Amino acid sequence: MSTQSITIRRPDDWHVHLRDGAMMQAVLPYTAAQFGRAIIMPNLVPPVTTPALAAAYRDRIRAALPAGAQFEPLMTCYLTNTTDPDEIERGYNEGIWVAAKLYPAGATTNSHGGVTDIALIRPVLERMEKIGMKLLVHGEVTDPAVDIFDREAVFLETRMAPLAKAHPGLKIVLEHATTQEAVDFVRAHASHMACTITPHHLVINRTSIFQGGIRPHLYCLPIAKRERHRLALRKAATGGESCFFLGTDTAPHMAKLKEAACGCAGCFVAPTALQTYVQVFDEEGALAHFEAFASLNGPAFYGLPVNSGSVTLEKRSGHAPECVAVEQDHVVVFGGGAQTAWSVV
Ligand code: DOR
Ligand code: ZN
């Protein structure tokens, strides 16, 4: 029997944390190897809040690319309480950034400079709506009294629903959906909303984080939810609906910062992302929908052309590196150190 394989147009990753400096140098080759473009998250220290900071970061990314790599970083602006609508528009018109990211202040890694009250950025949202700039949302409330497993659903009900209603012309991406509620919400607003779905949320649930002991490398935000949500995400990702597309949320942290008494959130999924996704589509009997999820729906939502070129994946076991060295430490790879069922040719 011949090896099963699938060839799709070169995919993009619509949600990536590349970091900076030595970390970026170490992790960027993995994203650039698999994807033609990526939406680059702006949660650096300090965050990417101005066109000048975004242009400089974009140039550092380009300079760090391996020789011959064909990869285009798509930059984003980190919204704060004091973001100036004119600066937003200037960065957009000059082609420096394509979207802005709304981090509720305190929701996740390096989000303390984020937005404390959406009412404060009304003029920014109105301007984005007017010029067609996309809003990317980390959809979790930050109230410590709200159970961590409910923070996405509560955000959708109390923040996202009013936001979407107030700005019917604003194109919104709910990033890294993790619940049934999220995919249902996006479906109901699909005329102007989409969501990214990560590889890890398709294969782990909240029990996985405690399988035989605490597993810090499976901890990310939004945190993985119970099994019925994982199943809902798999249905959404593989069902062929255009409002769902690929965004890995690859979020590398040094091992010593994750294997700690108070470990950071984020899974480094870049080296195994396509292999994990295609395995899920195969398991769901939905390989026919893989290209739309990975390579077509994202560009359509962002109003960008699809990539030229293609990538072939084969159903034969491959090896994922266990970790990637960075300075005196390393980053642990999601699904690393094991065989993958599929390989990128
Ligand atoms: O787990 C996460 N890590 N979630 C986020 O939203 C941010 C990310 C990071 O930057 O480490
Ligand atoms: Zn992220």
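Strands β12 (residues 323–326) and β13 run antiparallel and are joined by 4 bridges, and the hairpin that they form has 2 residues between the strands. This hairpin belongs to a predicted model, which also holds an open sheet of 8 strands with parallel pairing and a zinc ion (ligand 2) coordinated by His 15, His 17 and Asp 249. The points below take the hairpin first, then the sheet, the helices that pack on it, the zinc site and the salt bridges.

**The hairpin of β12 and β13**

- Within this pairing, Val 326 has Asp 329 of β13 as its bridge partner, and between the two strands Glu 327 takes a positive phi near 45°.
- In a regular strand the side chains alternate between the two faces of the sheet.
- Strand β13 (residues 329–332) has a covered face made up of Asp 329 and Val 331, while His 330 and Val 332 make up the uncovered one.

**The open sheet**

- The order of the 8 strands is β2-β3-β4-β5-β6-β7-β8-β9, and the pairing is parallel.
- The edges are taken by β2 (13–16) and β9 (244–246), each of which has a single partner strand, so one side of each is left without a neighbour in the sheet.
- Averaged over the sheet, and with direction ignored, neighbouring strands are turned by 30° against each other.
- Inside the sheet, β4 (residues 72–78) and β5 (residues 97–102) pair in the parallel sense over 4 bridges, and Tyr 78 has Lys 101 in β5 as its bridge partner.

**Helices on the sheet**

- Helix α3 (residues 85–93) lies across β4, β5 and β6 (134–137), and the helix runs at about 145° to β5.
- Helix α5 (residues 151–166) also packs on the sheet, where it touches β5, β6, β7 (172–174) and β8 (193–197), and the direction of α5 makes about 170° with that of β7.
- In helix α6 (residues 180–188), the buried residues are Ala 182, Val 183, Phe 185 and Val 186, and they cover an arc of only 160° around the axis, which puts them on the same side of α6.
- The elements that cover these buried residues of α6 include the helices α5 and α8 (227–238) as well as the strands β7, β8 and β9.

**The zinc site**

- Which atoms coordinate the zinc ion (ligand 2)? The contacts come from NE2 of His 15, NE2 of His 17 and OD of Asp 249, at 2.0 to 2.1 Å.
- Along the chain, the donors of this zinc ion follow the spacing H-x1-H-x231-D.
- Because His 15 lies in strand β2 and Asp 249 in the loop between β9 and α9 (255–258), the pair ties together parts that are 234 residues apart in sequence.
- His 15 is buried, with a relative accessible area of 1%, and Asp 249 is buried as well, at 6%.

**Salt bridges**

- The count of salt bridges comes to 15, and among the residues involved, Asp 86, Glu 89 and Arg 127 are linked in a network.
- Glu 94 forms a salt bridge with Arg 90, in which the closest N and O atoms are 3.5 Å apart; Glu 94 is partly exposed, with a relative accessible area of 48%, and Arg 90 is partly exposed at 36%.
- Asp 184 and Arg 187 form a salt bridge whose closest N and O atoms are 3.1 Å apart, and both residues lie in helix α6, 3 residues apart, which is about one turn of the helix.
- Both partners of that bridge have intermediate accessibility, since Asp 184 is partly exposed with a relative accessible area of 35% and Arg 187 is partly exposed with 28%.
- The side chains of Asp 282 and Lys 315 meet in a salt bridge of 2.8 Å, N to O; Asp 282 lies in helix α10 (residues 273–283) and Lys 315 in the loop between β10 (310–314) and β11 (318–319), so the pair ties together parts that are 33 residues apart in sequence.
- Is Asp 282 buried or exposed? Asp 282 counts as buried at 17% relative accessibility, because the cut-off for buried is under 20%, whereas Lys 315 is partly exposed, with a relative accessible area of 39%.

Key: Residues are numbered from 1 along each chain as its sequence is written. Chains are lettered from A and ligands numbered from 1 in the order in which they are written. This is a predicted model: local features need pLDDT of at least 70, side-chain atom pairs count only at pLDDT 80 or more; totals for chains, interfaces and linings use all residues. Side-chain values use heavy atoms; hydrogens and water are left out. Two strands pair if DSSP finds at least two bridges between them. Axes are lines fitted to C-alpha atoms, for helices over the stretch in contact, and angles run from 0 to 180 degrees between N-to-C directions. Contact means heavy atoms within 4.5 Å. Donors are N, O and S atoms within 2.8 Å of the metal (3.2 Å for Na, K and Ca); water is not among the atoms, so sites may look incomplete. Buried means under 20% relative accessible area, exposed over 50%, partly exposed in between (1.4 Å probe, protein chains only). The arc is that of the directions from the helix axis to the C-beta atoms. A salt bridge is a side-chain nitrogen of Lys or Arg within 4 Å of a carboxyl oxygen of Asp or Glu.
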